[in-house]
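Got your viewer open? Let's take a short walk through this molecule, one selection at a time.

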Amino acid sequence: MVEVFVNSFTADGQAAVTVPYGTPVNLAWSSIEATGCSLDDGATSFAVAANSFLQVTPLTNTTYTLTCTGPAGPKSATADITVEELTIVDFSVTAETVPHGDSFTLSWDVAVADSCIIEDEVLGTETAPLT
């Protein structure tokens, strides 16, 4: 019987990768003698081509398992993606109480973010760039 081989299965060219939250990662794989392959992210499994690639954007740490089948049975390989968590380091206001019409300043420090959204029940929502 012909044995199936998973030649490679990588996330951005590596078996394991760490990325900032919200960053796309390219999964790529190749196999020999596979009659079918499936990709599983721990929540969903779906059929994929025996030699292909897929861009994913996991929001939590995820292990992807590629399983390819052939006449002699299945072979599997994994690729691990670690996602850096978003962290609010500090969020403060210049005064706890502000008289009507006076101004105040909000300050924040976040890790692993490109922008922040400030929500206020009265004023609405603003997207604040990180500067």
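How many aromatic pairs does the count come to? The answer is one aromatic pair. Keep in mind as you click around that this is a predicted model.

**Stop 1: two rings**

Select Phe9 and Trp29 and show their side chains. The ring centres are 6.1 Å apart and the planes meet at 70°, so this pair is edge-to-face; planes over 60 degrees apart get that label. Along the chain these two are 20 residues apart, with Phe9 sitting in strand β1 and Trp29 in strand β3. Are these rings buried or exposed? Phe9 has 5% relative accessibility, and Trp29 has a relative accessible area of 4%. Buried means under 20%, so Phe9 counts as buried, and Trp29 is buried too.

**Stop 2: the sheet around them**

Now switch to a cartoon view and colour β1, β3 and β6. They make an open sheet of three strands in the order β1-β3-β6, with antiparallel pairing. Why is one side of β1 and of β6 left without a neighbour in the sheet? Both stand at the edges: β1 (5-11) and β6 (52-56) each have a single partner strand, so one side stays free of sheet neighbours. On average, neighbouring strands of this sheet are turned by 15° against each other, direction ignored.

Zoom in on β1 and β3 (residues 25-32). Six bridges hold this antiparallel pairing in the count. For a landmark, pick Ser8 and look across to Ser30 in β3, which stands opposite.

**Stop 3: a sulfur link**

Next, select Cys37 and Cys68 and show them as sticks. A disulfide is a covalent bond between the sulfur atoms of two cysteines. Searching the whole structure turns up one disulfide, and you're looking at it: Cys37 is joined to Cys68, S to S 2.2 Å. Which hand does the disulfide have? The torsion about the S-S bond is about 105°, so the disulfide is right-handed. The bond links distant parts of the chain, from Cys37 in strand β4 (residues 36-40) to Cys68 in strand β7 (residues 62-70), 31 residues apart. Turn on a surface and check both ends: Cys37 is buried with a relative accessible area of 8%, and Cys68 is buried at 0%.

**Stop 4: a hairpin and a parallel partner**

Stay with β7 and add β8. These two strands form a hairpin with two residues between them, and they pair in the antiparallel sense over nine bridges. Click Tyr64, then find Ala79 opposite it in β8.

Which other strand should you colour next to β8? Try β2 (residues 16-20), which pairs with β8 in the parallel sense over five bridges. Ala16 is a handy place to start, with Asp80 in β8 standing opposite.

**Stop 5: a charged pair**

For the last stop, select Lys75 and Glu3. Side chains of opposite charge can pair when their charged atoms come close. Here Lys75 forms a salt bridge with Glu3, and the closest N and O atoms are 2.8 Å apart. Lys75 lies in strand β8 (residues 73-84) and Glu3 in the segment before β1, so the pair ties together parts that are 72 residues apart in sequence. The count comes to one salt bridge. How accessible are the two partners? Lys75 counts as partly exposed at 34% relative accessibility, and Glu3 is partly exposed with a relative accessible area of 35%.

Conventions
Residues numbered from 1 in each chain as written. Predicted model: local features only at pLDDT ≥ 70, side-chain atom pairs only at ≥ 80, totals over all residues. Heavy atoms only, no water. Pairing = 2+ DSSP bridges. Helix = DSSP H or I, 4+ residues; strand = E, 2+ residues; numbered from the N terminus. Axes fitted to C-alpha atoms, helices over the stretch in contact; angles between N-to-C directions. Phe/Tyr/Trp six-rings, centres within 6.5 Å; stacked < 30°, edge-to-face > 60°. Buried < 20%, exposed > 50% of the residue type's maximum accessible area, 1.4 Å probe, protein only. Disulfide = S-S within 2.5 Å. Salt bridge = Lys/Arg side-chain N within 4 Å of Asp/Glu carboxyl O.
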